[in-house]
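Q: Please take a close look at one pair of packed helices in this protein. How do the two helices lie against each other, and which residues make the contact?

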Amino acid sequence: MTKRSFERMGRGARGPRQCSMQPMSESPARSTGAPPYDSPLLQFLHALPKVEIHCHLLGTVREGTFLEWTRRAIAKAGGVAPLTEDEARAFYVRGEKPVGVLKALRALDAFLITQPDDLHRLVYEYLQDAAAHQVRHAEFFWNPTGTAQESGIAYPRALEAIVRAIHDASTDFGIQGWLIAAIDRQAPPQAANEMVEWVVAHRREEVLGIGIDYNEVDHPPEWFAQAYADARRAGLKTTAHAGEFGMPWVNVKTAVEQLQVDRIDHGYTITDAPDFAARCAERGIIFTVVPTNSYYLRTLPKERWALDHPIRRMPGLGLRIHPNTDDPTLHKVTPTGAWHMMVKDFGFSIDDLRGFMRNGLDGAWMDPGQRRQWQAEFDAEFDRLRALHQP
Ligand SMILES: [Zn+2]
């Protein structure tokens, strides 16, 4: 983000969007969406103000919306289903060994999302759901290449619908939504370069930077060096999925040193390289981690999963981590649930959570003045809620 647009934000030029948190008791999100929690720990975690900085728009689609769009696609195809309702429902059943969500995401791009209003609905519903868990600032990934090439919605039209939804959700739920244009690493590198061109040509302050996602296997980060260089030159922030799917830690190193990213998504295999981890720790790079990540649920034995999961070891290497939902509806997780797993499954303490909360604010691409203000407000709220709920 450029200094100029930081300043624009600071002057409140964004209409209804808030630069400081709404008072907790007045948040319209408080009474919607989340279940009543009976344990003090869950009540505390639900009430905590949060940022979310690793979440994929297509992975936030509600089951009801997905089914509605599936029925629409079936009707449009004259009953010859590209996807049956049963197949659609199966995406929302998460077994003990989850197969991953990429097929559901591809179906959305290929034939479920057909018009800009679909994108508006997706964004609005995601931000409503996130706000119900006290997420105040949500930076979410969206793949413009798939939307343009598969859904047939060109970048400017798609962006207009998404930005409209961001503003509607800000007005209705008091949450700040921000976009990260994500490279589909399974598409050719030329498509990534083109995506960055679109972002720069149609610059909006809601688009903070770029990322890279989809399957890392056989799609290493160095293929996208040109796109990252172009993005940095244009003043965009950068992050990258690396060290996911068991891919080697050198992918994290490539992302940090060659792509020069501002933060890392996942990054788990860095635990195989303590010396490099120490260098990342020294630089204070934030790692956005995902407790529900399908790869480890699938590959580690059930009884060892929580004990052997790299997330458990990352802070011990000095790394700064922050928990996120990734594909919340498909992973069957909420922001509250992701934070809960950090305690329940990985054994972190309440004091550790305070550190993760600060990491999230430091990793979020927000205006420095707002960050300072929120650091003070989040800290005070953390203490107040801890005393109130005694988790
Ligand atoms: Zn992700």
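A: Axes here are lines fitted to C-alpha atoms, for helices over the stretch in contact, and angles run from 0 to 180 degrees between N-to-C directions. Helices (H or I, at least four residues) and strands (E, at least two) are DSSP runs, numbered from the N terminus. Residues are numbered from 1 along each chain as its sequence is written. The model is predicted: local features need pLDDT (the predictor's confidence in each residue, from 0 to 100) of at least 70, side-chain atom pairs count only at pLDDT 80 or more, and totals for chains, interfaces and linings use all residues.

The pair is helix α18, residues 350-363, and helix α19, residues 368-389. Their axes come within 10 Å and cross at roughly 160 degrees. The two helices are therefore roughly antiparallel, a term for angles over 145 degrees. The crossing of α18 past α19 is right-handed, meaning that the near helix is turned clockwise from the far one by less than a right angle. On α18, the contact (C-beta atoms, placed from the backbone, within 7 Å) is made by I350, R354, M357, R358 and L361. On α19, the residues are R371, W374, Q375, F378, F382 and R386.

As for the setting, the protein has 19 helices and eight strands. Its C-alpha trace spans about 60 × 50 × 45 Å along the principal axes. Mean pLDDT is 91, and 91% of the residues reach 70 or more. Over residues 1-32, however, the pLDDT is below 50, and this stretch has 42 contacts in the model beyond near neighbours in sequence.

How values were computed: Parallel < 35°, antiparallel > 145°, perpendicular 65-115°, else oblique.
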